[in-house]
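Please read the following walk through a protein chain with its coordinates open beside the text. The paragraphs move from one helix to the whole chain, and then to individual side-chain pairs.

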Amino acid sequence: MFKLNLKIAWRNLWKNKGYTLINVLGLSIGMASCILIFIFIRYQMSFDEGFKDQDRIYRMVSSWDYSDGNQFYSQGVPIPITPAVRDDFSPYIEKVSAIQNSGGIVKVNDQHGKEKVKSIENVFYVEPDFFEIFNYKWLSGNYESLKEPNHAVLSKEMAKKFFGNWNDALGKTINYDGNLNYIITGIIDDVPENNSVPLRIMLSYKSLKDRNLNNWGSVSSASESYFKLKRGIKIETLSEPLRLFIKKYYTEKAPGKEGHIFQPLADIHYNERFGNFSGRIMPKKQLYGLMVIGLFLILTASINFINLATAQAVSRSKEVGVRKVMGSQRGQLVTQFLTETFIIVLISLLIASVLTEIALPSMQNLFNAKISFSFFQHPIILVFMFVLVVCVSLIAGFYPAVIMSGFNPALAIKNKISANTGGLGLRKVLVVVQFAITITLIIGTLVILQQMKFIREQPLGFNPTAIAMVDLPNDSLTVERFNRFKAQLKQLPGVEEVSFCRTAPSSQNNNGSSFAYNNSKDADFQVNAKNADEDFLKTFDLKLIAGRNLSKSDSTNEFIVNETLLKRLNVAKPADALGKMISLGGQKKPIVGVVQDFKNKSLHESIDPIIVCSRIERYYYAAVKLNAKQMMTTMKSVEQVWKSNFPEFVYNESFLNDDINNFYQGEKIMGTLFKVFAGTIIFISFIGLFGLISFVAAQRTKEVAIRKVLGASTIELVRMLNGSFLIMVFIANLVAWPLAYLFISKWLSGFAYRIDISIWPFALAMVISMAITLITVSIRSYKAAAANTIDALKYE
């Protein structure tokens, strides 16, 4: 029976090759898009998975609440918090471990003492208990060795890089930051990239030297603390002990009320409020957005199928009538029609798999991730594809099968089944739904592109063009070479200005500090302190609106503040702040200048109160302002000068414009996805529309011929065939507008600086949808209207 159904299905599909092609094309593109979206979501949701007892693993993070209603969050914690937690939470916690991120130069010598590797690497100071919380795979050695100072553990990848063969690494030494040699006492298997802690080089925590080892008032995002709950303990149980813990250790009064949060391991990759060491954050709302787009895609393709299948129902009425007279039951006919749908979906899936393989490299580049389309590595993909085939077959095939199998056999054999049978009203509703989805995505795409253009053109308050941020080594010996290095740079052709600074004006690395203004008590908010020399304003083209620039100095002698700081302090005129004293970090110095506000973070966030002051030991970058026409040749000269002054270090640079653009990587990705998927849905919708008007035109061939004989012009006939479709698309616009408004309002709320929602994206979406509908439908309508009337009427 199945073989017979298969044979009949194949013959019918081949007989209607044009409509089969439209269905296969729409379904294959929709399914390929869904598979790609699923692969990406599976990858994102695999972060930090696979650890033993992972539901009991938590990270301790920090929060501050200020009296003005502002809140601040950090992934970091004070360094002394881990030993305190170990003591105070021992009834509830099985293990707790500190981990400290750092970076510097790693050197490896060969057996003759000659340097063979020198590179800048990311390292972690780790307590042994960390490996009892996270069960990494050990290839040799063990974590117990990290109890001793000057011991190190490498990943397999780094061991190969340093020593050629990871088996040869045990017992060898590496030099970190030029002052300490570490003995390799263990090798772990490579940590997958879908991990929030990218361990490659691990140093014993006892080797850590930091001036804040006992400072509860200092929090850095480089300091994290993880713990594992004891079995049977709920995290809610720790609420009261945490309150007492904070009261016990935070005894100094500060402008912000300190607090800590226990963040589940499963939340780290998705929570925007906190960062992580990998730098990879994927908010769940973006994943949900992709899921909705995937649903829209497959729904649009399925609607195409339903519309064409129900429209074609009349042409198969005699077949249904004959089969019923011959004894076929309705259930058998439903099975027959579902088999046809299943074959189309299966063929579409095969084509979709090929399209997925073709599109995968582009998706990997877009997301900068190693996304894999492998059934063997990820069997869940095969399960998803099976579910997709079943769901699409049922969604697309069930309703048409029920309609066609329900025809009255007597009427069917007499060819008296109406062309409207099979749900003309439903077809219209489905077309409206299909185009409402399409128009919503068109509006969303237009708004995203407009917002990104707004961001690119938004004045930053400084000029980031042609500025290279060159890393500076920072220790007591190299600091003495800074002035000579700067003087040599300024002599290079193509170098216009040079400034030493801790960060660029706009940076994701911002430091909040408490301060006092004009001999008063500490302000009830923190200030962003930027360390920079006297050339900072000139290099970045920052505008002074009162007072003067910083004097040349290696230490903090005076301050420059921004407008936002004065507004928060209720200082009406910038000139009124000049000469007033600010106490910051134990330094009490006067304000000598006020700088115009500049964007110190991404446009998702508002401008911070800012203080600029000199402090040579905190200069981490040389900002080199270049002549834009000589950038590449000048940068080669800059690198040579750098290497001649700091030969024992590794040169590294980036361009400020690139760094700022990276702030909006997520929005770029979403913009690209919306353009691609909106284009895909538009294509699917309009090939379906073309198929539907083709069938309608074929059903009305005789009507068109009679009207033509009676004097109707070709234009009038085209207008007649087009009218209902244009009305449906117009109604779809009215449905889509409020949905699109809700979506874009929610999305834009994530930006502190954003465009106003105007009517033009909605109007343009209507024009685009109506124009494409008019063109698509008119092409097929004109062909029908211009056909020879004799061919249509000669058999009547």
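Which residues of helix α6 (residues 239-249) are buried? In this predicted model, the buried residues of the helix are Pro-241, Leu-242, Phe-245 and Ile-246. Viewed down the axis of α6, these buried residues fall within an arc of 135 degrees, so they line one face of the helix.

The chain as a whole gives the setting for that helix. It has 22 helices and 23 strands, and of its 796 residues 51% count as buried. Among contacts between residues at least 6 apart in sequence, 80% join residues at least 24 apart. The accessible surface of the chain comes to about 36,900 Å², and 57% of that surface belongs to carbon and sulfur atoms.

Confidence should be kept in mind while reading these values. The mean pLDDT of the chain is 82, and 85% of its residues reach 70 or more, whereas pLDDT stays under 50 over residues 419-423. For residues 419-423 the model has eleven contacts beyond four places in sequence. Where pLDDT is low, the predicted coordinates should not be read in detail.

An unreviewed UniProt entry places the feature "transmembrane region" at residues 20-41, 287-306, 341-360, 380-402, 429-449, 676-698, 725-745 and 757-779. Two of these annotated spans can be set against the model. Residues 20-41 are 100% helix and 0% strand, with end C-alpha atoms that lie 31 Å apart, while residues 757-779 are 87% helix and 0% strand, with end C-alpha atoms 35 Å apart.

Ser-769 offers a closer view of one helix, since this residue is found in α21 (residues 760-785). Is Ser-769 buried or exposed? At 2% relative accessibility, Ser-769 counts as buried, because the limit for that class is under 20% relative accessible area. Leaving aside residues up to four places away in sequence, Ser-769 touches Ile-439, Phe-686, Val-729 and Asn-733.

The charged side chains come next. How many salt bridges does a search of the whole structure find? The search finds 27 salt bridges, and three of the pairs are described here, beginning with Glu-144 and Lys-147, whose side chains meet with an N to O distance of 2.7 Å. Glu-144 is partly exposed, with a relative accessible area of 35%, and Lys-147, at 42% relative accessibility, also counts as partly exposed.

A second pair is formed by Lys-486 and Asp-535, whose side chains meet in a salt bridge at 2.6 Å, N to O. Lys-486 lies in helix α13 (residues 482-490) and Asp-535 in the loop between β16 (527-531) and α14 (536-540), so the pair ties together parts that are 49 residues apart in sequence. Both partners, Lys-486 and Asp-535, are buried.

In a third pair, Asp-608 forms a salt bridge with Lys-601, and the closest N and O atoms are 3.0 Å apart. Asp-608 counts as buried at 18% relative accessibility, and Lys-601 counts as buried at 16%. Returning to Lys-486 and Asp-535, salt bridges that share partners join these two residues with Lys-490, Asp-533, Glu-534 and Lys-538 into one network.

Conventions: Residues are numbered from 1 along each chain as its sequence is written. Side-chain values use heavy atoms; hydrogens and water are left out. A salt bridge is a side-chain nitrogen of Lys or Arg within 4 Å of a carboxyl oxygen of Asp or Glu. Buried means under 20% relative accessible area, exposed over 50%, partly exposed in between (1.4 Å probe, protein chains only). Helices (H or I, at least four residues) and strands (E, at least two) are DSSP runs, numbered from the N terminus. pLDDT is the predictor's confidence in each residue, from 0 to 100. Contact means heavy atoms within 4.5 Å. Accessible areas come from the Shrake-Rupley method with a 1.4 Å probe; for residues, only the protein chains shown count as cover. UniProt positions are given in the numbering used here, feature names are shortened, and annotations may be inferred rather than shown by experiment. The arc is that of the directions from the helix axis to the C-beta atoms.
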